[in-house]
Amino acid sequence: MTKDRIVLLDSLRGLGVLGILLCNMPDFAVAPPLSESVVNWPHGTGPATLGVWAVTQWLFQRKFVTLFAMLFGVSIFLVGGERSDLERGAILRKRLAWMVVFGLLHGFAIWFGDVLLSYALAGFAVMLARSWAPRKLIRTGVTIWVVFSLLMVAGMTAAIVMQHDPAQATLETAKAVAKSKAAEVQYGGTFLQSLIQNAKDRLGYLSGEPFIFVMTSALMMIGLGCFKLGVLTGEASKRTYATLVAVGLAASAAVGGMVVAQIALGLPRPLSMIFQAVQWMTAPLTTLAYVGLMVFAARSNGVWSAIPKALAPVGQMAFTNYLAQSLIMTSIFYGGRGLALHGKVDRPLLAALTVATWTVQILWSRWWMDRFEMGPLEWVWRRLYRGPTRLRRAQPQAVSALAK
């Protein structure tokens, strides 16, 4: 049973790290002021471009980073144990401290959209609550999530009410486009130019770290609470998973309806802001629906069971695969590192690159995990916080023909 539970967690982690890539793709390919925009996307709003955007926003955006955060909350307990376990607690603190280092290096030297730093900082807070009862964890996490989501909605509503006149809005948009074009030149320039621009954008992202810290902590609490209740281990009842799927699909339908409404009404800014708020608030519901679907797939005896089996090795080396995605994509889009295609690739090709990367990482992860105990970066990380660790799998001993 324990082995099955670990496989399920690895499958969910693999789903999370692959799903995140499609959401991150525009940020690799286009400067931040335009990567989140639809109307000002530099390659227009053709049917294929808009179709990829719609699918991403409907089924992927916010859902998989939410799943990843929930699962990181589980890892805090699996590594650190109860708060009374001082030895494991010391290992956990060292693990998180090294993750801060990895996050800083990743964010400033490779790609500005790093989440490792946010997870590590939130982990230091959530580790203090890791011995709480599951329902207390979920109740606290949900309360924090709802309160801060409502504050975000209130802020967006105030922004809509106090919106500038059309001329001022047009001027602000023109400034954002100009800023993006200037950044695009830097990203497509020399290695040093792209490195400096990446660092500037990273500093810009850090301004939102307090909000991200709070929301990530809430998700980690929810995830750990669900783990302790057996929801993330496949031990909950069929009725529980069916309920999660039904509620999550209803939330997904609401998001899908708003995607269609935005397209039909010409993507107006006020509706777009409301949509972002709804998308953010409902993301955990859809995420838990994906958990339920993964459990049903794992329990099936048919073709669906191949999905969690294929994703488990990806999840076992999620740290390696996450950083590998950044290295691959910045080599494609940044100057001085590879192809320097920043600002030159539209959403359909980004989606194709995503699928190709998924395929490579699924195959590569299977090959690697058949031969080694953990991913290469997982091994480096573990050596740093725990000491010497075996990497290569032990070969089964040959059985002597004379053995009784």
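**Exercise 1: two cysteines**

Determine whether Cys23 counts as buried or exposed, do the same for Cys226, and then state how many disulfides the structure holds.

*Solution.* In this predicted model, Cys23 has a relative accessibility of 9%, and the cut-off for a buried residue is under 20%, so Cys23 counts as buried. For Cys226 the relative accessible area is 8%, so this cysteine is buried as well. The last step concerns bonding: a disulfide is a covalent bond between the sulfur atoms of two cysteines. The count of disulfides in the structure is zero.

**Exercise 2: a salt bridge between a loop and a helix**

Find which residue forms a salt bridge with Asp114, and explain why the pair ties together parts that are far along the chain from one another, 88 residues apart in sequence.

*Solution.* Begin with the partner, which is Arg202, with 3.5 Å between the closest N and O atoms. Next, place both residues: Asp114 sits in the loop between α5 (86-110) and α6 (116-126), whereas Arg202 belongs to helix α9 (residues 191-206), and the pair therefore ties together parts separated by 88 residues in sequence. As a final step, consider the surroundings of the two side chains, for both Asp114 and Arg202 are buried.

**Exercise 3: a network around Glu373**

Work out which residues are joined with Glu373 into one network by salt bridges that share partners, and say how exposed each of them is.

*Solution.* Take the pair of Glu373 and Arg390 to start with, a salt bridge in which the closest N and O atoms lie 3.0 Å apart. This pair links distant parts of the chain, since Glu373 lies in the loop between α15 (347-369) and α16 (376-386) and Arg390 in the segment after α16, with their positions 17 residues apart. Then turn to Arg393, which also forms a salt bridge with Glu373, here with 3.7 Å between the closest N and O atoms. Arg393 is likewise in the segment after α16, and it is 20 residues apart from Glu373 in the loop. Shared partners thus join Glu373, Arg390 and Arg393 into one network. For exposure, Arg390 has a relative accessible area of 53% and is exposed, Glu373 is partly exposed at 27%, and Arg393 is partly exposed at 28%. The count for the structure as a whole is four salt bridges.

**Exercise 4: a glycine in a helix**

Describe where Gly103 is found, and list which residues Gly103 touches when those up to four places away in sequence are not counted.

*Solution.* Gly103 is part of helix α5, and its relative accessible area of 1% means that it is buried. Its contacts, with sequence neighbours up to four places away left out, are Asp114, Leu116 and Leu117. Asp114 in this list is the residue that forms the salt bridge with Arg202. A separate step compares sequence and space for Gly103 and Leu327, which are 224 residues apart in sequence and 14 Å apart from C-alpha to C-alpha.

**Exercise 5: the cavity**

State how many cavities of 30 Å³ or more are counted, and describe what lines the largest cavity.

*Solution.* One cavity of 30 Å³ or more is counted, and the largest cavity holds about 140 Å³ of space. Its lining consists of 15 residues, of which Leu22, Pro26, Thr56, Gln57 and Arg347 are the closest to the centre. Looking at helices next, α1 (2-29), α3 (47-60) and α15 each contribute at least two lining residues. By chemical type, the lining divides into eight nonpolar, five polar and two charged residues.

Definitions and conventions. Residues are numbered from 1 along each chain as its sequence is written. This is a predicted model: local features need pLDDT of at least 70, side-chain atom pairs count only at pLDDT 80 or more; totals for chains, interfaces and linings use all residues. Side-chain values use heavy atoms; hydrogens and water are left out. A salt bridge is a side-chain nitrogen of Lys or Arg within 4 Å of a carboxyl oxygen of Asp or Glu. Helices (H or I, at least four residues) and strands (E, at least two) are DSSP runs, numbered from the N terminus. Buried means under 20% relative accessible area, exposed over 50%, partly exposed in between (1.4 Å probe, protein chains only). A disulfide is a pair of cysteine sulfur atoms within 2.5 Å. Contact means heavy atoms within 4.5 Å. On a 1 Å grid over the protein atoms alone, a cavity is a set of points where a 1.4 Å probe fits but cannot get out, and a pocket is an open set with protein on both sides within 12 Å along at least five of seven lines; lining residues have an atom within 4 Å of a point. Grid points are joined across faces, edges and corners, and a volume is the space filled by probe spheres set on the points. Ala, Val, Leu, Ile, Met, Phe, Trp, Tyr, Cys and Pro count as nonpolar, Asp, Glu, Lys and Arg as charged, and the others, Gly among them, as polar.
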